Amino acid sequence: VNLNGAFGKLHNVAWSGNNPIELDWLRENELTLKITGKYPEITMVDKFPRFLSHIIPADNTRILDTSKVRFGAQLAAGTTVMPGASYINFNAGTLGPVMVEGRISSSAIVGSGSDVGGGASILGVLSGTDGNPISIGENTLLGANSTTGIPLGDACIIDGGLAVFAGTKVYIADSQIEKIKEANPGCELQNEMKAAKLAGLNGLHFRQNSLTGQYIVMRSTREVKLNDELHQNLSTLPT
């Protein structure tokens, strides 16, 4: 279900448990409700209720704090949402078992077997991607407090604390270019590139030189399972 555009059509309401209450009605009746002891316990003010107020997740799905998943999120079976810095917005979610300890913003999707580390952030269409949704492939690790503003393929790693945006300039050594090409047949790489040119590629490891501060991209140590049919089609393309 695609909920693009829903945010702008809904109004903020107060939520008392699973019941929405118009804010204007609360203001008009505030004194009477409080004097009579009938003022409701307001758990939040938002356009959406909480995910668990309406959705029964799969048996192997864990959500340790109800406030961390907004209604409209899509959680695949096996997803674990830890307390703390985790959050999954509406129109975002997972495609398989995923460990979520960071933020999955609106329209972002995370593939099976991936790990969104503590405090990590995947930018959404409302938070700095120029309206372009971000997808994260399978078996990818976003280190603690890292940020990604580009789509990532399978088996990628962003080291903890790094922020990778479309305009981030990275360096790739010649030896690493060949290794990355093995995991991404047909891709074009050079020593210095903007991260946007690497969007969607598999097996990337974003690191930072601790002496110079330069961002470096290497071939990650995680396994990349190539699509044999796609690989065959790419190998027959004229060069």
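This is a short dialogue on reading a sheet, the cysteines and a pocket in a predicted model.

User: Start with the sheet. How many strands form it, and in what order?

Analyst: Read a sheet strand by strand, across its width. Here three strands form an open sheet, ordered β2-β1-β3, with antiparallel pairing.

User: Which are the edge strands?

Analyst: Look for strands that pair on one side only. These are β2 (19–21) and β3 (44–46). From one strand to the next, the twist averages 35°.

User: What joins β1 to β2?

Analyst: Bridges do. Strand β1, residues 13–16, runs antiparallel to β2, and three bridges join them. Ala-14 in particular stands opposite Ile-21 of β2.

User: Now the cysteines. How many disulfides does a search of the whole structure find?

Analyst: The test is the distance between sulfur atoms, which must be within 2.5 Å. The search finds zero disulfides.

User: Why is Cys-156 without a bond?

Analyst: Because its closest cysteine sulfur, in Cys-187, is 12 Å away, which is too far.

User: Are Cys-156 and Cys-187 buried or exposed?

Analyst: Check the relative accessible area; under 20% counts as buried. Cys-156 is at 0%, so it is buried. Cys-187 is at 15%, so it is buried too.

User: Last, the second largest pocket. What is its volume, and what lines it?

Analyst: Take volume, then lining. The volume is about 150 Å³. The lining has 13 residues; closest to the centre are Thr-129, Asn-132, Gly-149, Ile-150 and Ala-166. By class, eight lining residues are nonpolar, four polar and one charged.

Methods
Residues are numbered from 1 along each chain as its sequence is written. This is a predicted model: local features need pLDDT of at least 70, side-chain atom pairs count only at pLDDT 80 or more; totals for chains, interfaces and linings use all residues. Side-chain values use heavy atoms; hydrogens and water are left out. On a 1 Å grid over the protein atoms alone, a cavity is a set of points where a 1.4 Å probe fits but cannot get out, and a pocket is an open set with protein on both sides within 12 Å along at least five of seven lines; lining residues have an atom within 4 Å of a point. Grid points are joined across faces, edges and corners, and a volume is the space filled by probe spheres set on the points. Ala, Val, Leu, Ile, Met, Phe, Trp, Tyr, Cys and Pro count as nonpolar, Asp, Glu, Lys and Arg as charged, and the others, Gly among them, as polar. Two strands pair if DSSP finds at least two bridges between them. Helices (H or I, at least four residues) and strands (E, at least two) are DSSP runs, numbered from the N terminus. Axes are lines fitted to C-alpha atoms, for helices over the stretch in contact, and angles run from 0 to 180 degrees between N-to-C directions. Buried means under 20% relative accessible area, exposed over 50%, partly exposed in between (1.4 Å probe, protein chains only).
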